[in-house]
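The exercises below are meant to be worked with the sequence and the coordinates side by side. Try each task before reading its solution.

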Amino acid sequence: MEAILSVLPVDYFVPTPAVHMAPSDGATLPPAGVEVIAAAEDVLRQQTGDADLSAAPCERFAFYDEARTCFAVVQTTERRPYGNVILTKGVVGPDGKDLKP
């Protein structure tokens, strides 16, 4: 995700430019899932320079439905559960930085 975010701005004009897969109702997020989401959010904040940015949870089956509508899918070697993130692409402004409201 670090490499992707180094060239892909996130969309600051939507409420949640990043979402992560969350367990279905009644299930709990395993420790490895908590760890991988925290790591993804750390990369998200580091690469965007936005300390307040986080990935919103998206229920597992809703996440699958959303993933089917994505423009591009990048498969990595991440094997921890719930290590899935959907990013909404933003725009680079005239100053060369991510365009923000």
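**Exercise 1.** Does Y64 count as buried, partly exposed or exposed, and which relative accessibility places it there? Then describe the aromatic pair to which Y64 belongs.

*Solution.* The model is a predicted one, and every value below is computed from it. Begin with the cut-offs, since buried means under 20% relative accessible area and exposed means over 50%. Y64 has a relative accessibility of 30%, and therefore counts as partly exposed. Next, look for its ring partner: a search of the whole structure finds one aromatic pair, formed by F61 and Y64, with the centres 5.7 Å apart and 75° between the planes, an edge-to-face arrangement. Both residues belong to helix 3 (residues 60-67), where they are three residues apart, about one turn of the helix. Finally, apply the cut-offs to the partner: F61, at 45% relative accessibility, is partly exposed because this value lies between the 20% and 50% limits.

**Exercise 2.** Which residues make up the largest nonpolar core, and which elements give two or more residues to it?

*Solution.* The core has nine residues in all, namely V19, M21, V36, I37, A56, C58, F63, Y82 and I86. Assigning them to elements shows that strand 1 (18-22), helix 2 (31-48) and strand 2 (56-59) each give two or more residues to this core. Apart from it lies another core, of eight residues, including Y12, A18, L53 and A55. For one member of the largest core, the contacts can be followed further: leaving aside residues up to four places away in sequence, V36 touches E78, R80, P81, Y82 and G83.

**Exercise 3.** What is the order of the elements, and how does the radius of gyration of the chain stand against that of a compact globule?

*Solution.* Count the elements before ordering them: the chain has three helices and three strands, which run α-β-α-β-α-β from the N terminus on. For the overall dimensions, a compact globule of 101 residues would have a radius of gyration near 13 Å, and the chain, at 14 Å, agrees with this. The C-alpha atoms fill a box of roughly 45 × 25 × 25 Å along the principal axes. As for contacts between residues at least 6 apart in sequence, 80% join residues at least 24 apart.

**Exercise 4.** Where in the chain is confidence lowest, and where is it highest?

*Solution.* Take the whole chain as the starting point, with a mean pLDDT of 94 and 100% of its residues at 70 or more. Confidence is lowest in helix 1 (residues 2-5), at a mean of 92, and highest in strand 3 (residues 85-87), at 97.

Note on methods
Residues are numbered from 1 along each chain as its sequence is written. This is a predicted model: local features need pLDDT of at least 70, side-chain atom pairs count only at pLDDT 80 or more; totals for chains, interfaces and linings use all residues. Side-chain values use heavy atoms; hydrogens and water are left out. A nonpolar core is a set of buried Ala, Val, Leu, Ile, Met, Phe, Trp, Tyr and Cys residues joined through side-chain atoms within 4.5 Å. Buried means under 20% relative accessible area, exposed over 50%, partly exposed in between (1.4 Å probe, protein chains only). Helices (H or I, at least four residues) and strands (E, at least two) are DSSP runs, numbered from the N terminus. Contact means heavy atoms within 4.5 Å. pLDDT is the predictor's confidence in each residue, from 0 to 100. The radius of gyration is taken over C-alpha atoms; the globule rule is 2.2 Å times the number of residues to the power 0.38. Rings of Phe, Tyr and Trp (its six-membered ring) pair if their centres lie within 6.5 Å; planes under 30 degrees apart count as stacked, over 60 as edge-to-face and the rest as tilted.
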